[in-house]
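Student: Could you take me through one surface feature of this structure in close detail? Afterwards, please connect it to the pairings and contacts found elsewhere in the chain.

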Amino acid sequence: MPATSLHCLTRAEIAAWLAEHDEPSYRCDQILDWLWQKRARSIDAMSNLPAALRGSLAGDFRLGGLRHAKTQGAADSTRKFLFQLHDGRYVECVLIPASPALYGEQSDRRTLCVSSQVGCAYGCKFCASGLDGFTRNLDPGEIVGQILLAEELSGEKVNNLVFMGMGEPLANLPNLLKAIEIITSPWGLHIGARHLTLSTSGLVPQIRQLAGHPRQIRLAISLHGATDEVRNRIMPVNRKWGVDELFDALRFWNSCKKQILTLEYILIAGINDHLDEARLLARRARSIRAKVNLIPY
């Protein structure tokens, strides 16, 4: 089986491959339509492509690579999907319906929590994703494939994405940015960048790099401690990039982006829930015009 999934390729990469194979440029739009609109299950199903072209594509690329293994949760509530990858490993993603609207009618917003890695190397003390350590990065097709399969299984369109599943998204930034291009482009899934939120434990160089990205992606920081003393106990990454260095990067982010930052803060009894910590958290949030999401643990 070819190593690269056709779902990993951008429009420019498909066009370049077609040019190398002396195929007309209009085939690019046909292939993209099969991938992202018709959601073809096989290259052979792309019936308006010549058989020879389909054979060449199948020789160089596989299609997809995710298989549904298990679903937990009811159809009218949060559902967790377990997907098996082409190499036998597993990732999870979670489909979260919004709360009912003001007068009780069903909300039409559906958020998918997407994974970016198999396992995680960062060892945050409250998180189960890293218990077995880090295995590998997901490729762009595996990241976007979670959306395709979740929509197929639920029968619902996903219109909000949070990269808060397994793994540290910014540790897989090249593949993640490629996936975001596919997700946000009109030729791909065409989900607005403002409906995407990336969560990070605080990888300072990548935060600065992402700040220069042209798409208006939202950023959430897994903070969980307003001082180095507290955060070191919960977030091992803080020993490399402390709170002051992290907030310098977030001020740089604010200078480049209009989106309001979110500080994720899990309340752990006796560790980070005392009033002095709350006051410092409030001051830090105000200094970067961030909102705070308090989460009981």
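**A nonpolar patch and its wider setting**

Tutor: Valine 292 has a relative accessible area of 34%, so it counts as partly exposed. A value between the limits of 20% and 50% is what places a residue in that class. The model is a predicted one. Valine 292 belongs to strand 11, which covers residues 291–296. Together with Leu267 and Leu294, Val292 makes a nonpolar patch of about 220 Å² on the surface. A patch member must have over 30% relative accessible area, and the 34% of valine 292 therefore satisfies that condition.

Strand 8 offers two residues of the buried class. Threonine 197 is found in this strand, which runs over residues 196–200, and serine 199 has its place there as well. Because buried means under 20% relative accessible area, threonine 197 falls in that class at 15%, and serine 199 does so at 10%. With neighbours within four places in sequence left aside, threonine 197 is in contact with Leu161, Val162, Phe163, Met164, Arg218, Leu219 and Ala220. On the same basis, the contacts of serine 199 are Phe163, Met164, Glu168, Pro169, Ala220 and Ser222. Phe163, Met164 and Ala220 thus appear in the contacts of threonine 197 and also in those of serine 199.

A further buried residue lies in a loop. Asparagine 238 sits between helix 7 (228–234) and helix 8 (243–256), and its relative accessible area is 3%, which means that it is buried. Beyond the residues up to four places away in sequence, asparagine 238 touches Asp228, Arg231, Asn232 and Val243. Its C-alpha atom is 9.8 Å from that of threonine 227, a residue eleven places away in sequence.

Next comes the pairing of strands. Strand 1 (residues 67–72) and strand 2 (residues 79–84) run antiparallel and are joined by five bridges. In this arrangement glutamine 72 stands opposite lysine 80 of strand 2. Six residues lie between the two strands of the hairpin, and glycine 73 takes a positive phi near 105 degrees there.

Aromatic contacts can be treated briefly. Searching the whole structure yields two aromatic pairs. For phenylalanine 81 and phenylalanine 83, the ring centres are 6.0 Å apart and the planes are at 5 degrees, so the pair is stacked. The reasoning rests on two cut-offs, since ring centres must lie within 6.5 Å and stacked planes must be under 30 degrees apart. Phenylalanine 81 and phenylalanine 83 are both buried.

The charged side chains complete the picture. Side chains of opposite charge can pair when their charged atoms come close. The criterion applied is a Lys or Arg side-chain nitrogen within 4 Å of a carboxyl oxygen of Asp or Glu, and the count by this rule is 15 salt bridges. One of them joins glutamate 152 to arginine 41, with the closest N and O atoms 2.6 Å apart. Glutamate 152 is in helix 4 (residues 140–154), whereas arginine 41 is in the loop between helix 2 (27–37) and helix 3 (51–60), so this pair ties together parts 111 residues apart in sequence. Glutamate 152 is partly exposed at 46% relative accessibility, while arginine 41 is exposed at 67%.

Another salt bridge is formed by arginine 79 and glutamate 156, whose closest N and O atoms are 3.3 Å apart. This pair also links distant parts of the chain, with arginine 79 in strand 2 and glutamate 156 in the loop between helix 4 and strand 7 (160–163), 77 residues apart. Arginine 79 is buried, with 8% relative accessibility, whereas glutamate 156 is partly exposed at 25%.

Aspartate 87 and arginine 89 meet in a salt bridge as well, with an N to O distance of 2.9 Å. Aspartate 87 has a relative accessible area of 31% and is partly exposed; arginine 89, at 36%, is partly exposed too. These two residues belong to a network of salt bridges that links Asp87, Arg89, Arg136 and Glu142.

To return to the opening request, the patch itself consists of Leu267, Val292 and Leu294. Because residues with a salt bridge are left out of patches by definition, the charged pairs described above have no part in it.

Technical notes:
Residues are numbered from 1 along each chain as its sequence is written. This is a predicted model: local features need pLDDT of at least 70, side-chain atom pairs count only at pLDDT 80 or more; totals for chains, interfaces and linings use all residues. Side-chain values use heavy atoms; hydrogens and water are left out. Patches are made of residues with over 30% relative accessible area and no salt bridge: like charges are joined within 9 Å, nonpolar side chains (Val, Leu, Ile, Met, Phe, Trp, Tyr) within 5 Å. Accessible areas come from the Shrake-Rupley method with a 1.4 Å probe; for residues, only the protein chains shown count as cover. Helices (H or I, at least four residues) and strands (E, at least two) are DSSP runs, numbered from the N terminus. Buried means under 20% relative accessible area, exposed over 50%, partly exposed in between (1.4 Å probe, protein chains only). Two strands pair if DSSP finds at least two bridges between them. Contact means heavy atoms within 4.5 Å. Rings of Phe, Tyr and Trp (its six-membered ring) pair if their centres lie within 6.5 Å; planes under 30 degrees apart count as stacked, over 60 as edge-to-face and the rest as tilted.
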